[in-house]
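Visitor: Pick one part of this model and take me through it closely, please. I'd like to see how it sits among the rest.

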Amino acid sequence: MAGNWKEPEFDFSERSDRVTLKLEVGQVVYIPGAADIRNENTDQAELKSMSKEERILEYIRQNGNISTQKVMDLCNYKSRTSARNLLEKLIKSGKIEKVGENTNTIYTILE
């Protein structure tokens, strides 16, 4: 079979309305910039144990910057105002800086 794929396995159960098809994908190739699912469970557990400020700083360290929408997602905020207030707190503490305006605004770590 092409691409070193294993032959699919079919399982026909006693019930005539169900067939199970098992496909084994083998080794996963890492593609830079793609979603990293290798340690997703560990990363999620670690993120939940961090404070909201630490989550934001860690996200910026890994991705270079963060948007207000992403802060809302990371911190489970329903409003942009709550996310902006937390970002303002980090700006005032000298940990991050605001870059851009309006819909192009991102936040980066101060170096």
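Guide: When I say contact, I mean heavy atoms within 4.5 Å. With that in hand, start at Leu87: skipping its neighbours within four places in sequence, it is in contact with Ile56, Thr68, Val71, Ile96 and Tyr107. A quick caveat: this is a predicted model, so local features need pLDDT of at least 70 and side-chain atom pairs pLDDT 80 or more, while totals for chains, interfaces and linings use all residues. Residues are numbered from 1 along each chain as its sequence is written, and side-chain values use heavy atoms, leaving out hydrogens and water.

Now zoom out a little. The chain runs β-β-α-α-α-α-β-β from the N terminus, with helices (H or I, at least four residues) and strands (E, at least two) taken as DSSP runs and numbered from that end. Leu87 belongs to the largest nonpolar core, and along with Ile56, Ile66, Val71, Cys75, Tyr77 and Ile96 it touches the most other members of the 15. Helices α2, α3 (68-75) and α4 (80-92) each give two or more residues to this core. Such a core is a set of buried Ala, Val, Leu, Ile, Met, Phe, Trp, Tyr and Cys residues joined through side-chain atoms within 4.5 Å; buried means under 20% relative accessible area with a 1.4 Å probe, protein chains only.

Follow Ile56 back into α2, residues 52-63. Its buried residues are Arg55, Ile56, Leu57 and Ile60. Residues three or four places apart on an α-helix point the same way, because there are 3.6 residues a turn. Right after α2 comes Gly64, with a positive phi near 95°.

Definitions and conventions:
The expected span of a helix is 1.5 Å times one less than its number of residues. Buried means under 20% relative accessible area, exposed over 50%, partly exposed in between (1.4 Å probe, protein chains only).
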